[in-house]
Every structure is written in C-alpha cells, then in structure tokens.
Amino acid sequence: MPVFGNWARTDLAKAYVIPTLVAGVLLMTIGLGLFYTNKSRVNQFKKAFTTNASAFYNSEIERTESTLKEYTVVFKVIPILIVIAALLLLFTQTSTWRAISITTIAMLIVILLVDGTAYARIETYHKELKLLNNNS
C-alpha cells in the first residue's frame, strides 16, 4: 500500500486506489474465466458438430436463446446498479464512498459495453443458426 499511497495527493485520489484495484481484479477474473471456459468448449463444439450436425444446431439454438434471455436481465439490472451507485455518489460526502461509487459506475459501464457487443454477436449467430437449421 505505501507504493500506491505515494501516487495520490488528495483524499479522493487516495480513496480510488483500493476500489480501482478491486474493480480491475474483478474484470480480469471475469474475463479470464470466460476466456478459458469458452476456449475449452470450442473443441466440444467441433466434436458435437461432426458427430451430429442437426442435433448440434438444435442444442446451439437452445443455448443461444437461453443466453439472449439472460442478457435481457443483465441490461435491466446493471442500469439499476448504476443508478444506485450514482445516488450513493450524490448523498455521500466521504472520499472513500465517492471513489467506490465512481469506480463502480465505470466498471458497470465497461461491463455494459462488453455485454452489448456480445449480445449483438450472439443475436446474429442465433439468427444464422436458425437459417441454417431451416435450410438443412
């Protein structure tokens, strides 16, 4: 902590150190977890497709529909959390809680940006799967 504490000069700047580190660790953990989970699933997808393409299409359509439904929840919950953090920011005067609020808002916006692009990709993939499944 002494090394990070030397970077900040004001109370608010010092208060950002821990929340920013926590947000960074959370985002890295989520990202790495998703990366390694999906990386191992690619081989399973290849095997499932070569074994039975029709069954693969059906299972993928179900999986993408489920994922798209989950995103609708995410796009409702995260803005609510942003509003709560903004209200906390407005009604608190301590540097620590202000830094936590601002860092939380920033982290949730990053998550919304990533999830927004992921939603668009999976929605396109879902539509293509349905087209391919109908044509076969």
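This passage describes the confidence, the largest pocket and the salt bridge of a predicted model.

The chain has a mean pLDDT of 90. Of its residues, 93% reach 70 or more. Confidence varies along the chain. Helix α4 scores highest, with a mean of 94. Helix α1, residues 2-7, scores lowest, with a mean of 58. Where pLDDT is low, predicted coordinates should not be read in detail.

The largest pocket has a volume of about 910 Å³. Its lining comprises 26 residues. L34, N38, T67, Y71 and A118 lie nearest the centre of this pocket. Three helices each give two or more residues to the lining: α3 (17-51), α4 (53-91) and α5 (95-135). By residue class, 14 of the lining residues are nonpolar. Six are polar, and six are charged.

Helix α4 also carries a salt bridge, formed between E60 and R63. The structure holds one such contact. The N to O distance between the two side chains is 2.8 Å. Both residues belong to α4 and sit three residues apart, about one turn of the helix. The partners differ in their burial class. E60 has a relative accessibility of 2%, under the 20% cut-off, and therefore counts as buried. R63 has a relative accessible area of 26%, between the 20% and 50% limits, so R63 is classed as partly exposed. The salt bridge thus joins a buried glutamate to a partly exposed arginine.

Methods: Residues numbered from 1 in each chain as written. Predicted model: local features only at pLDDT ≥ 70, side-chain atom pairs only at ≥ 80, totals over all residues. Heavy atoms only, no water. 1 Å grid on protein atoms, 1.4 Å probe; cavity = no way out; pocket = protein on both sides within 12 Å on 5 of 7 lines; lining within 4 Å. Points joined across faces, edges and corners; volume = space filled by probe spheres on them. Helix = DSSP H or I, 4+ residues; strand = E, 2+ residues; numbered from the N terminus. Nonpolar A, V, L, I, M, F, W, Y, C, P; charged D, E, K, R; others polar. Salt bridge = Lys/Arg side-chain N within 4 Å of Asp/Glu carboxyl O. Buried < 20%, exposed > 50% of the residue type's maximum accessible area, 1.4 Å probe, protein only. pLDDT = per-residue confidence, 0-100.
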